[in-house]
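The following exercises invite the reader to examine a protein structure step by step. Please study the sequence and the model before reading each solution.

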Amino acid sequence: MILSKLHLENFKKYTAYEIEFGEGLIGIIGKNGSGKSTLFEAILFALYGEAKNRGNKELIKNANATPKDAVVVELDFEFEGLEYKVVREFRGKALSANAKLYKNAELTTTGAKEVTAAIIKLTKMSKDAFMHTLFASQKELSSLSTLKNEDRKKMIRKLLGLEKIDFIENILIEKSRELKREIAAFAEVLLGEEELTHHKNAVKEKEAQNAALMKETELKTIALNQTRVKELESKTQLEAFAKTKEEKQKLQSEIALLKNSITAQSTNQTKLVHELHELEKKEHELTKLGDIKETYAKLQTALKEEEKRKEIQLKKEGILKEQANLREQYTKSKADITTLEKECEAHEELAFNLKNLEFTLAGFDENIKNRHTIERELLAEIAGEQKQIELTNKKIEKLKELGSESACPTCTRPLLEEYDNVMRALVGIVNDTHQVKIDEYKKQLMNIQTQKAEYETQKKLKDKEFVELSKNLNIVQSKMKDLVKAQEYFKIVEQKGLQNKTELQALEHCSYDAEQHKELQNSFAALEPKYKHALSLETELKRSPALKSELETLSKKIAELGTTHQSKEAAFEMVHYDETQHKTKELEALEIAKTREAQSTEINELKVQIATILGEIKTIQNAVDNNETQLKKVQTKKDDLIDYDKIKTSLAEFKTRLNAKVAPRISSIASEMYAQITKGKYQHIEVSNDFDFFIYDEGKKYPIERFSGGEIDLANLVLRIAISKTLTELSGATSVGFLAFDEVFGSQDEARRMEILEAFHTIKEQYRQIFLISHEMEIKEMFERVVEL
C-alpha cells in the first residue's frame, strides 16, 4: 500500500486541506498543535471509519463549521498496482455516516460498514493491526529497552496481538474453575444407590395400596347407583303429587278471581245507569237556554271592533307626542353639526405635520442604531485585545516559573539563551501591539458615544412634540367621527318626522266612543257565565251515546263471567288430591337422599386417599427422574471440562510454536537492518522467546543496556521495524509499502538525531514511503520531500 493523496474538509482543525505525499523519506514538520498527527488520524479514519481513539463524532468536526457543513475525508492510495480511492462523510445535525470505495475510478462499494469490511478484506488488517504494523511513536521505541522485562513483554505481545490469546486462555481457566465448582455442587444433591432403592420400593407399596382402594371404590359406586335409581323413582312420584296440588290451587284462585270480577262489574253497571239518568236532566236544562250562543257571538264581534278603534286612537296620540319630540331633536342636531364642522377644519394640517415628524424620528432612530452597532463592535474589539493580553501574560508567567535552565514542555530541550528573547518578544506584543489597539479603540468609542447621546437628546424633544401632535390629531379624528354620527342621526330624525306625518293623515277618519265601549263590556260580562254553562252542558251530553254503548257491553260481559265461573267450579270438583299421602312420599324421598349423600361422601374420601397416594408416587418418581436429569447435566459439564482442557493445551502449543517463529523472524529482520545501519560493526541482534534483547559484539552476546544511547536508539528503531514486518507477514498483508514514525527524536541531541536520520536513509530502499513526524524545524533539509504545517 502506497499513500497518494489526502483531501480534508472540516476535519478537526482543518477547514479545507489537500496534500500529495510522493515517495521516499517524507518529513511532516510543524510546531506542536499544527495538525501533524491529525493527518494520520485522518488516514486511519478514511480507511476504517474511526479515529485513533473512539469518541464523540462531534470531536471530529471542525469547531468553526456550521451544522449544515459536512465532514469529508478522501484518501487515494495504490495497492498491488491498482489505484483505490476511499471517501467518508459525516452530514447533517445527526452526523450521519456514509462512505464510498473506488477501484481504478469505478465505484465498487458504498456504506460506512461495507467500505470498512472491504478495506479489511483488501489489506488483511484490522484497525488495531494497521496501527501496530505501520505506525510507531517515540514512546514505543524507547520503551523497547527501558521498560522492565514483564512490561516490555506485555507491550510486544500487544503489538503482535498475542494478548488476545492470553485473554482467551484466562477465560478458559475461569470457565474450567466454574465447571469444577458446579460439578462439586451437583455431587452434594444427587441421590445415592440406597436412596434410589428405597424410592423404588416405596413406589411399589403405594401402587398396591392404590389398587385395593380402587376395588373398594368400585363396589361403593355400584351401591350408590342403585340408591340413585330409587331416588329418581321417588322424585317422579313427588312431581305428580305436586302437579295435582298446583292444578287444584290454580282452579281455586281462578274461581275467586271470577267472583271478584262479577261483583266489580255489577257495581260499575249500577253507576253507569245513574250517570245516564243525570245526562237526561241536563239535556232538558240546555233546551231552556235557547239561542244564547248566537247572542254571545254577535256581542263578542262588536266588542272586538270597538277595541280596534281604541288602539287606533292611542296610536294617533303617541305619534303626535313623538312628532313634538322630533322637532326638538331636529333643531339640536342641526346646531351640533355646524359646531363639529368648524372643529374638524384643522384635520389635514395636523395629519401632514405628524407625517413629517414621523420621518424625522425614523432618521434619529437609524442614526442611534448605527452608533450603537459601532459601539458594540468597538467593545468586542477591546475585549478581544484584552483576552490576547491575558493569554500572553499567562505565557510570560509560565516561562518565569520554568526558568531559562528548565526543559521546554513541548520538545523537552533546554530553553537556554532563547529564554530572554522569548520574554522580550512577548512583552513587546502586549505593549506595542495589543495596548496600542485598545487605546485607539477607546478614542473611537468615546466619539461614537458622544454622537449617540446628542442624537438621543434631540430624539426625546421630537418624541414629546410627536405625542402632543398625536393627541391633538386624535381629538380632531374623534370629532370627525362624532360629525358623521350627528349627520346620520339628523337624516334619521328627518325621515321619521315625514313617516309620522303620513301615518297621521291615514288615521284622521277613525273615531272612538269610550262610553259605548264600556256598555258593550258590561253586557258581555253579564252574558259570558251563561254561555260557558251552555258549552259545559253540550260537552257532557256528547258522552250519552258512548255511555249507552258501554252499558250494553258491560251487561254482556257480566253474563259471560257467570258462565265461566260455573265451568271452573265443575272442573275444581273433578280434581282429586290426597295431601297425607303426598307428605308420606316426601319423607321417603328425604331418607333416600340422606343415604345417597352418605354413600357419595364415602366414595369421595376413597378418591382423596387414591389421589394422595398417586401424588406421593408422582413425587417419588419426579425425584428419581430429576436425579437422572441432573446426572446427564453433570456428565455434560464433565465433557465440557475435558474440551476446555484440550483447547488450553492446543493454545499453549500454538503460543509456543508462534513464539518460536516470531522471535527468530524479528531477530533475522532486525539483524540484517542493524548490520546495514552500523556498516557491519554489529552483525546480529537476538530476540529471545521471552522477548529479551541482546546485541552480538565481536561474536559475544551482550544485553542491549550495555551499549551507548545512540546504539540503543538505532537498535530500538530496527526492532520496531522488524516487529512491523513480522506483523505484516503474520496477517498476510504483503503489499504494505510505507511506515510512519511520530516524534521518534524525542529529547536526543543533534548527533543522535543525525544518526537516526542516517539510519532511515539507509533502510529507505526497503519501503517506498517512510513518514517522519517531528516538530524539529532544523532537520527538514534532511528529507527528500517535506510537508511543512
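Four exercises follow, each with a worked solution.

The model is a predicted one, in which local features need pLDDT of at least 70, side-chain atom pairs count only at pLDDT 80 or more, and totals for chains, interfaces and linings use all residues. Residues are numbered from 1 along each chain as its sequence is written, and side-chain values use heavy atoms, with hydrogens and water left out.

**Exercise 1. Determine the strand order of the six-stranded open sheet and identify the helices packed on it.**

Step 1. Helices (H or I, at least four residues) and strands (E, at least two) are DSSP runs numbered from the N terminus, and two strands pair if DSSP finds at least two bridges between them.

Step 2. The six strands follow the order 2-1-4-5-6-7, with antiparallel pairing. Strand 2 (14-20) and strand 7 (106-110) each have a single partner strand, so one side of each lacks a neighbour in the sheet. On average, neighbouring strands are turned by 15° against each other, direction ignored.

Step 3. Four bridges join strand 6 (residues 96-103) to strand 7 in the antiparallel sense; L101 has T109 of strand 7 as its bridge partner.

Step 4. Helix 2 (residues 112-123) packs on this sheet, touching strands 4, 5, 6 and 7, and its direction makes about 40° with that of strand 6. Contact means heavy atoms within 4.5 Å. Axes are lines fitted to C-alpha atoms, for helices over the stretch in contact, and angles run from 0 to 180 degrees between N-to-C directions.

Step 5. Helix 1 (residues 36-48) lies across strand 1 (2-11), strand 2, strand 4 (71-79) and strand 5 (82-91), at about 100° to strand 1.

**Exercise 2. Establish how many residues of helix 3 are buried.**

Step 1. Buried means under 20% relative accessible area, exposed over 50%, and partly exposed in between (1.4 Å probe, protein chains only).

Step 2. Helix 3 (residues 127-134) has six of its eight residues buried. The buried residues are K127, F130, M131, H132, T133 and L134.

**Exercise 3. Describe how helix 7 packs against helix 12, and examine T217.**

Step 1. The axes of helix 7 (residues 193-289) and helix 12 (residues 544-574) come within 9 Å and cross at roughly 160°.

Step 2. The two helices, helix 7 and helix 12, are therefore roughly antiparallel; angles under 35 degrees count as roughly parallel, over 145 as roughly antiparallel, 65 to 115 as roughly perpendicular and the rest as oblique.

Step 3. T217 is located in helix 7. Its relative accessibility is 9%, so T217 counts as buried. Apart from neighbours within four places in sequence, T217 contacts I603, L606 and I610.

**Exercise 4. Analyse the three-stranded open sheet and the helix packed on it.**

Step 1. The strands follow the order 9-10-11, and the pairing is antiparallel. Strand 9 (684-687) and strand 11 (700-703) stand at the edges with a single partner strand each, so one side of each has no neighbour in the sheet. The twist from one strand to the next averages 35°.

Step 2. Strand 9 pairs with strand 10 (residues 693-697) over four bridges in the antiparallel sense, and E686 stands opposite F694 in strand 10.

Step 3. Helix 13 (residues 579-677) packs on the sheet, touching strand 9 and strand 10, and its direction makes about 160° with that of strand 9.
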